[in-house]
Amino acid sequence: MKILFVCTGNICRSPTAEGVALKNFALAGIPAVIDSAGTSGYHVGEAPDPRAQRVAARHGYDLSKLRGRKLAREDFLRFDLILAMDREHLETMQRLCPIALHGKLKLFLEFAPETGLDEVPDPYYGSEAGFAHVLDLCEAGVAGLIAYAGGE
C-alpha cells in the first residue's frame, strides 16, 4: 500500500500523519510506502513545525527528518491512497488529478468515523493544544487505515 497525506504547507497536519503512519504500519508489520505533501509550496524543504515535533516526540513519534514538499502530478500515479486533511485540500487535489484516478482521493478522517469529524483542523495559528488534537486525530485515522489494510 502506498499512502500520501496532504495538507496546505506540509509542516503541521500531513507530516504528523506521516510520522504516525510510519511507526504504526511498521509495528503492525504492514509494508507500506508513506509520504506527505502540501498543496502549496510555502514550506518546501522545511522541517515540520516545532510544535508538531514536540507533541509528536512526547508520544514517541520522530518527525525531525521529514521535510516539506509540494504535491506533484506524479503523486496521483504513484500512490494508492491520497488523503486530504480537509475539504479544501480534497478540492485542490480533484482539480489537479486525472478524473480516472479520483477514486484514490479521500478525506483522511473517513478512516476514523468514531471521531465525529471529517476534517483535521489546521493548528498553525493556535496553541500547542491544537497540535495535540491533530496528533490524536492522526492516531485514530492511522488505526483505521491499518484496519483497512488488513492489519487488525
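In which sense do strand 3 and strand 4 pair, and over how many bridges? Keep that in mind as you open this predicted model, and let's start at the sheet.

**Stop 1: the sheet.** Select residues 81–84, which form strand 3, and then strand 4 at 105–107. The two pair in the parallel sense, over three bridges. To see one partnership up close, click I82: its bridge partner in strand 4 is L105. Now bring in the rest of the sheet, an open one of four strands in the order 2-1-3-4, with parallel pairing. Strand 2 (33–38) and strand 4 are at the edges; each has a single partner strand, so one side of each lacks a neighbour in the sheet. Look along the sheet and you can follow its twist, which averages 25 degrees from one strand to the next.

**Stop 2: K70.** Next, select K70, in the loop that runs between helix 2 (50–58) and helix 3 (75–78). Is K70 buried, exposed or partly exposed? With a relative accessible area of 45%, K70 is partly exposed. Show its surroundings and you will find contacts with A37, G38, T39, S40, G41, V44 and D75, leaving aside residues up to four places away in sequence. For a sense of distance, pick G116 too: its C-alpha is 29 Å from that of K70, and the two are 46 residues apart in sequence.

**Stop 3: the cavity.** Finally, select T16, A52, V55, A56, F131, V134 and L135, which line the largest cavity. Helix 2 and helix 5 (128–148) are the elements that each give two or more residues to this lining. The cavity has a volume of about 30 Å³. Colour the lining by class to see six nonpolar residues, one polar and no charged ones.

Key
Residues are numbered from 1 along each chain as its sequence is written. This is a predicted model: local features need pLDDT of at least 70, side-chain atom pairs count only at pLDDT 80 or more; totals for chains, interfaces and linings use all residues. Side-chain values use heavy atoms; hydrogens and water are left out. Buried means under 20% relative accessible area, exposed over 50%, partly exposed in between (1.4 Å probe, protein chains only). Contact means heavy atoms within 4.5 Å. On a 1 Å grid over the protein atoms alone, a cavity is a set of points where a 1.4 Å probe fits but cannot get out, and a pocket is an open set with protein on both sides within 12 Å along at least five of seven lines; lining residues have an atom within 4 Å of a point. Grid points are joined across faces, edges and corners, and a volume is the space filled by probe spheres set on the points. Ala, Val, Leu, Ile, Met, Phe, Trp, Tyr, Cys and Pro count as nonpolar, Asp, Glu, Lys and Arg as charged, and the others, Gly among them, as polar. Two strands pair if DSSP finds at least two bridges between them. Axes are lines fitted to C-alpha atoms, for helices over the stretch in contact, and angles run from 0 to 180 degrees between N-to-C directions.
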